Amino acid sequence: MKSEKGQMLHDLIENAGGCAVTDGGFATQLEKHGAFINDALWSAIYLIKDPQLIKQVHVEYLEAGADILVTSSYQATLPGFSSKGLSIEEGESLLERSVKLAVEARDNFWNSVKRNSGNRYRRALVAASIGSYGAYLADGSEYSGCYGPDVNLKELKDFHRRRLQVLIEAGPDLLAFETIPNKLEAQACVELLEEESVKIPSWICFTTVDGENAPSGESFKDCLESINKSNKVEAVGINCAPPYFIESLICKFKQLTNKAIIVYPNSGEVWDGKAKKWLPSKCFHDDDFGFNARRWRDLGAKIIGGCCRTTPSTIQIISNALRAKS
């Protein structure tokens, strides 16, 4: 039997006609507002510099039709904040802020639109983002899965534990583990959810560089082994991978899991983790996302959105496409 929070995610998907929409690239939209995020904390630096801009971006995604807001905590870690000279208490406060900003944006937006009987919106859920260990390292290893021989299961759980605790205490509706690059970290996330007796639902998303396997080279069958045994994880899928991989990956995941499938690819541009810049590649334009979102839904995806280099206009096209009559 699903918990009340787990049922909330299920109900959102059902109320959305079987496929809900999550938001798009957060850092990308910050940059469109003039934000400078070439920093080890990436978009999380704006939890310090300009929290109201973070809230504004959340609202822009809600206006575009997002059913789920993902918080700005992807690269927000206590060691990362400590490297900026902040205390543990200050770092924890910023993690809490990432959730509070999204919740406030959601509540204010919903209160403003729900009075209009003809509005097309649904009350969004807030997912607290937990980026991979590689995201904290900021060396591109979330796209290689190579953490070195000294990083073990216990170390990964210890790295994520306090951040997870603080984010949950801040009151999100669910947790989003993002850009997981290997089996070991997926197992760490699952074990941590059990050890902490987490009551809110989670999703775990991998990325891929070859369209077939996790960045580590491990098969998704192996990576999903621990996830499939967990009743704490409601959805599993792919984020920040090129969109032209998504169709075959949905088909693969349908064979490997009974969990809801979530996909939110990037634009198709390639991130150079060492040079810290986007490289031109085979890109999807916004209109391509509309056509393909319907295809991905029909293949079995239950949550669809965008990642890096996508914007509210991308999400609006996805939302409109999924709402359109077939």
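Does Y133 count as buried or exposed, and at what relative accessibility? The answer is that Y133 counts as buried, at 11% relative accessibility, and the points below, which concern a predicted model, return to this residue after a look at the sheet.

1. The sheet. Eight strands make up an open sheet whose pairing is parallel, and reading across the sheet the order is β1-β10-β7-β6-β5-β4-β3-β2. The strands β1 (20–21) and β2 (68–70) stand at the edges with a single partner strand each, so one side of each of them has no neighbour in the sheet. For β1 that pairing can be followed in detail, since β1 and β10 (residues 301–304) are joined in the parallel sense over 2 bridges, and V21 has I304 in β10 as its bridge partner.

2. A helix on the sheet. Helix α9 (residues 183–195) packs on this sheet and touches three of the strands, namely β4 (174–180), β5 (202–206) and β6 (233–239). The direction of α9 makes about 165° with that of β4. A student tracing the chain may like to look next at the loop between α9 and β5, where S197 lies; this residue is taken up again in point 7.

3. An aromatic pair between distant parts of the chain. A pair of aromatic rings is described by the distance of the centres and the angle of the planes. Across the whole structure, a search finds 11 aromatic pairs. One of them is formed by W42 and Y74, which are arranged edge-to-face, with 5.8 Å from centre to centre and 65° between the planes. The two residues are 32 residues apart and belong to distant parts of the chain, W42 being in the loop between α2 (26–32) and α3 (46–49), and Y74 in the loop between β2 and α5 (78–82). Their surroundings can be compared through accessibility: W42 counts as partly exposed at 23% relative accessibility, while Y74, with a relative accessible area of 11%, is buried.

4. An aromatic pair within one helix. Y133 and Y136 also form an aromatic pair, here a tilted one, with 6.1 Å centre to centre and 45° between the planes. Both belong to helix α7 (residues 133–137), and because they are 3 residues apart in that helix, about one helical turn separates them. As the opening question showed, Y133 counts as buried at 11% relative accessibility, whereas Y136 is partly exposed, its relative accessible area being 29%. The two tyrosines belong to one aromatic cluster, which is formed by Y133, Y136, Y147 and F159.

5. A buried serine. In the loop between α7 and α8 (153–169) one finds S141, which is buried, with a relative accessible area of 3%. Leaving aside residues up to four places away in sequence, S141 touches G134, C146, Y147 and P181. Among these, Y147 has already been met as a member of the aromatic cluster in point 4.

6. Helices packed against α14. Two packed helices are described by the angle between their axes and the distance between the axes. The axes of α4 (residues 51–64) and α14 (residues 312–323) come within 8 Å and cross at roughly 25°, which makes α4 roughly parallel to α14. Their crossing is right-handed, and the residues that meet are E60, Y61 and A64 from α4 with P312, I315, Q316 and S319 from α14. Helix α13 (residues 286–299) also packs with α14, at an angle of about 40° and with the axes 8 Å apart, and α13 and α14 are therefore oblique to each other. The crossing of α13 and α14 is right-handed. Here D286, D287, F289, G290, A293, R294 and R297 in α13 meet a set of residues in α14 that includes S313, T314, I317 and I318.

7. Two positive phi values. Most residues other than glycine have a negative phi. Against that background, two loop residues deserve a careful look in the model. S197 is not a glycine, yet its phi is positive, at about 50°; S197 counts as partly exposed at 40% relative accessibility. R309, in the loop between β10 and α14, likewise has a positive phi, near 75°, in a residue other than glycine. R309 is partly exposed, with a relative accessible area of 33%.

Terms used. Residues are numbered from 1 along each chain as its sequence is written. This is a predicted model: local features need pLDDT of at least 70, side-chain atom pairs count only at pLDDT 80 or more; totals for chains, interfaces and linings use all residues. Side-chain values use heavy atoms; hydrogens and water are left out. Two strands pair if DSSP finds at least two bridges between them. Helices (H or I, at least four residues) and strands (E, at least two) are DSSP runs, numbered from the N terminus. Contact means heavy atoms within 4.5 Å. Axes are lines fitted to C-alpha atoms, for helices over the stretch in contact, and angles run from 0 to 180 degrees between N-to-C directions. Rings of Phe, Tyr and Trp (its six-membered ring) pair if their centres lie within 6.5 Å; planes under 30 degrees apart count as stacked, over 60 as edge-to-face and the rest as tilted. Buried means under 20% relative accessible area, exposed over 50%, partly exposed in between (1.4 Å probe, protein chains only). Angles under 35 degrees count as roughly parallel, over 145 as roughly antiparallel, 65 to 115 as roughly perpendicular and the rest as oblique. A crossing is left-handed if the near helix is turned anticlockwise from the far one by less than a right angle, and right-handed if clockwise.
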